[in-house]
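Colleague: Could you take a close look at the salt bridges in this model for me? I would like to see how they sit in the fold, and what lies around them.

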Amino acid sequence: MPVEITWWGHATCTVEDSGTRVLTDPLFARRLAHLRRRRGAPPPPEAAVADVALVSHLHADHLHLPSLAQLAPGTRVLVPRGALRAVPGLRRLEHLRFTEVAPGDRTHVGDLVVRTVSARHDGRRLPVGPHRSPALGYVVEGEARTYFAGDTGLFESMAEEVGTVDVALLPVGGWGPYLGEGHLDAGRAAQALARLAPAVAVPVHYGTFWPIGMDAVRPHEFHAPGDEFVRLAAEHAPEVTVHRLAHGETARPEAAR
């Protein structure tokens with residue numbers, strides 16, 4: 001399975017496939033509003049090198065304007081349909097090439113096809129603004145098929161929409177003591193894994209950011225999701241290999257489907 005996955009923290013990953021670098025939900029900051037990075041150094045400059053960046057939804061920890069501004073001129077960025085209207089700051093990033101996408105779209109980037117799929121999550125640009133953009137997931141199809149879920153809850157048609165994949169990058173936690181609707185915790189992510197049945201899974205979206213001053217509030221929600229996902233994945237989907245990466249670590253899955 002000739003693909004490399006590097007996890008930079010939160011939902012930010014680099015997927016390298018077929019000579020093309022794909023960056024997911026770039027977030028390079030030490031601090032974001034009331035959140036601070038508690039684990040892992042901010043990603044190095046090389047993390048901002050990509051042929052295409054995938055933005056799953058408009059929340060500031062997934063569509064982070066200062067991080068997008070660090071991408072090289074000409075970098076292509078896929079954003080949910082309606083994002084350029086809902087987030088005016090995107091239009092000031094004139095050095096980037098934005099493409100708005102919706103579920104069902106297929107976008108060619110180098111030798112890859114990026115297929116857009118739906119997610120179950122509130123995609124508004126909070127704290128204000130109507131719900132003008134959908135939350136999305138993406139399937140990167142090259143020599144491998146890699147599913148980046150973004151933020152999502154479980155939904156009935158997940159396996160049907162995502163299709164057959166080799167690697168699944170699944171959120172297993174969050175950035176605070178409680179997860180609201182439209183999220184996967186370790187248990188629900190393990191259920192999603194059983195439905196999707198990839199060869200390899202990488203847990204993301206946990207153990208990076210936490211609200212300032214709340215270190216002692218339900219700290220297991222910060223520390224535990226990765227290990228809990230490994231344990232529950234072994235129960236629900238024992239045939240799947242799980243790579244629980246440290247920040248900045250790279251997995252090079254060997255087993256092809």
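Modeller: Happy to; I will go through the salt bridges, then turn to a loop and a cavity. Please keep in mind that this is a predicted model.

Searching the whole structure turns up 13 salt bridges. A good one to begin with joins R106 and E141, whose closest N and O atoms are 3.6 Å apart. R106 belongs to strand β9 (residues 106–109) and E141 to strand β11 (residues 136–141), so this pair ties together parts that lie 35 residues apart in sequence.

E141 deserves a little more of your time. Besides the salt bridge with R106, the side chain of E141 makes a polar contact of 3.0 Å with the side chain of R115. If you set aside residues up to four places away in sequence, E141 touches R106, D111, L112, V113 and R115. Both of its arginine partners, R106 and R115, are thus found in that list of contacts.

Next, please move to helix α6, which covers residues 225–236. Here R231 is the residue to centre on. The side chains of E228 and R231 meet in a salt bridge, at 2.7 Å from N to O. These two residues are three apart in the helix, so about one helical turn separates them. R231 also forms a salt bridge with E235, and in that pair the closest N and O atoms are 3.1 Å apart. E235 and R231 are four residues apart in α6, again about one turn of the helix.

How accessible are these three residues? E228 is partly exposed, at a relative accessible area of 31%, and R231 is partly exposed as well, at 42%. E235 has a relative accessible area of 52%; the cut-off for exposed is over 50%, so E235 counts as exposed.

Another group to bring up on your screen is R36, R38 and D215, which are linked in a network of salt bridges.

Now for the loop between α1 (65–69) and β7 (76–80), where G74 is found. T75 lies in this loop too, and the two residues make a nice pair to compare. G74 is partly exposed, with a relative accessible area of 35%, whereas T75 is buried, with a value of 4%. Leaving aside neighbours within four places in sequence, G74 is in contact with H95 and R97. T75, counted in that way, touches A50, D51, V52, A53, H95, L96 and R97. H95 and R97 therefore appear among the contacts of G74 and of T75 under the contact limit of 4.5 Å between heavy atoms. If you want a distance for orientation, the C-alpha atoms of G74 and D17 are separated by 20 Å, and these residues are 57 apart along the chain.

Finally, a word on empty space inside the model. The search of the whole structure finds one cavity of 30 Å³ or more, and its volume is about 30 Å³. The residues that line this cavity are G173, G174, G176, P177, Y178, L179 and E221. By character, the lining divides into three nonpolar residues, three polar and one charged. Glycine counts as polar in this scheme, so G173, G174 and G176 make up the polar part of the lining.

How values were computed
Residues numbered from 1 in each chain as written. Predicted model: local features only at pLDDT ≥ 70, side-chain atom pairs only at ≥ 80, totals over all residues. Heavy atoms only, no water. Salt bridge = Lys/Arg side-chain N within 4 Å of Asp/Glu carboxyl O. Buried < 20%, exposed > 50% of the residue type's maximum accessible area, 1.4 Å probe, protein only. 1 Å grid on protein atoms, 1.4 Å probe; cavity = no way out; pocket = protein on both sides within 12 Å on 5 of 7 lines; lining within 4 Å. Points joined across faces, edges and corners; volume = space filled by probe spheres on them. Polar contact = N/O pair within 3.5 Å; in protein donor to acceptor, adjacent residues only side chain to side chain.
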